[in-house]
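User: Please examine the model shown below and discuss its architecture through a short series of questions.

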Amino acid sequence: MTIMGRDIALKAALLAWLTGVWVLLWGNLSPANVLGGIVVGLFVMTVLALPRVPVEGRVHPLSVVRLVVVLVYYAAQSSVQVAWAAIRPGPPPVNAVLRYPVEIKSDLVLTFMVDALNMVPGTMVLDIDREDRVLYIHVLDVGKPDAVDQFRTIVRTYESAFIAAFERDLEWHPASIVAPTDDSDVDSVADTIDDISTDYSRTTGDSRKKDRP
């Protein structure tokens, strides 16, 4: 797929998503609601457009299905654990903030993973160290000796599923960074700075001479 075709596909998918959200908000599938969702979606995409987020890697449908299964399974498992922690007799559960380094390179995929973790009952990502690629995650009920290791295993499974679905090493390419591509551009900027500094020095010197008696 070409870059233009990929861009059109992404815009179509975003428009379909916004239209679906609009229909769900109204709670009724009708031609008027679908048309209204398309109009609102186009308005959001054009007038209220956010800065473009670089899309790096590819989408693998089978891996996405596996990712959905992983998310649903661990969300259900965590729901049962949180419900049991709320009704079981004894002291309240022990909570902790765990530090987990991630290997995900793309900020977009990392955002997906953080959103997925925040949807798990009893789990909340408190901070993201973007430069060092580290997550600080609040975890409920880590009083058991192996609870921390179990949670790290779950997060590692999440990460592996996201990488397999969107960010395989052989297909991932970092987004290009806008920077001077020619040494002449850098030289011209340096010359401009020198000219400004020279003009400023001359102006300052002239004003000092005028102030002298």
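The questions and answers below concern this predicted model.

User: In what order do the elements of the protein run from the N terminus on?

Analyst: The secondary structure of this predicted model comes to six helices and three strands. Read from the N terminus on, these elements follow the order α-α-α-β-α-β-β-α-α.

User: What is the order of the strands in the open sheet, and which strands stand at its edges?

Analyst: The sheet is open, has three strands with antiparallel pairing, and follows the order β1-β3-β2. Each edge strand has a single partner, so one side of each is left without a neighbour in the sheet. Neighbouring strands are turned against each other by 25° on average, direction ignored. The order is therefore β1-β3-β2, and the edge strands are β1 (96-101) and β2 (123-129).

User: Over how many bridges do β1 and strand β3 pair, and which residue in β3 stands opposite Arg-99?

Analyst: Strand β3 covers residues 134-139 and pairs with β1 in the antiparallel sense, over six bridges. The residue in β3 that stands opposite Arg-99 is Tyr-136.

User: Which strands does helix α4 touch, and at what angle to β1 does helix α5 run?

Analyst: Helix α4 (residues 107-118) packs on the sheet, and its direction makes about 150° with that of β2. The strands touched by helix α4 are β2 and β3. Helix α5 (residues 147-166) lies across β1, β2 and β3, and its angle to β1 is about 40°.

User: Is Asn-33 buried or exposed, and with which residues is Asn-33 in contact beyond its neighbours within four places in sequence?

Analyst: Asn-33 is found in helix α2 (residues 31-46). Its relative accessibility is 12%, and because buried means under 20%, Asn-33 counts as buried. Leaving aside neighbours within four places in sequence, its contacts are Trp-22, Val-23, Trp-26 and Asn-28.

User: Which residues make the nonpolar surface patch of about 600 Å²?

Analyst: One of its members, Leu-14, is found in helix α1 (residues 3-26). Leu-14 counts as partly exposed because its relative accessibility is 40%, and patch residues need over 30%. The patch is made by Leu-14, Trp-17, Val-21, Leu-25 and Trp-26.

User: What percentage of the residues of the protein count as buried, and how much of the accessible surface belongs to carbon and sulfur atoms?

Analyst: The protein has 213 residues, of which 23% count as buried. Its accessible surface comes to about 15,300 Å², and the share that belongs to carbon and sulfur atoms is 65%.

Definitions and conventions
Residues are numbered from 1 along each chain as its sequence is written. This is a predicted model: local features need pLDDT of at least 70, side-chain atom pairs count only at pLDDT 80 or more; totals for chains, interfaces and linings use all residues. Side-chain values use heavy atoms; hydrogens and water are left out. Patches are made of residues with over 30% relative accessible area and no salt bridge: like charges are joined within 9 Å, nonpolar side chains (Val, Leu, Ile, Met, Phe, Trp, Tyr) within 5 Å. Accessible areas come from the Shrake-Rupley method with a 1.4 Å probe; for residues, only the protein chains shown count as cover. A salt bridge is a side-chain nitrogen of Lys or Arg within 4 Å of a carboxyl oxygen of Asp or Glu. Helices (H or I, at least four residues) and strands (E, at least two) are DSSP runs, numbered from the N terminus. Buried means under 20% relative accessible area, exposed over 50%, partly exposed in between (1.4 Å probe, protein chains only). Contact means heavy atoms within 4.5 Å. Two strands pair if DSSP finds at least two bridges between them. Axes are lines fitted to C-alpha atoms, for helices over the stretch in contact, and angles run from 0 to 180 degrees between N-to-C directions.
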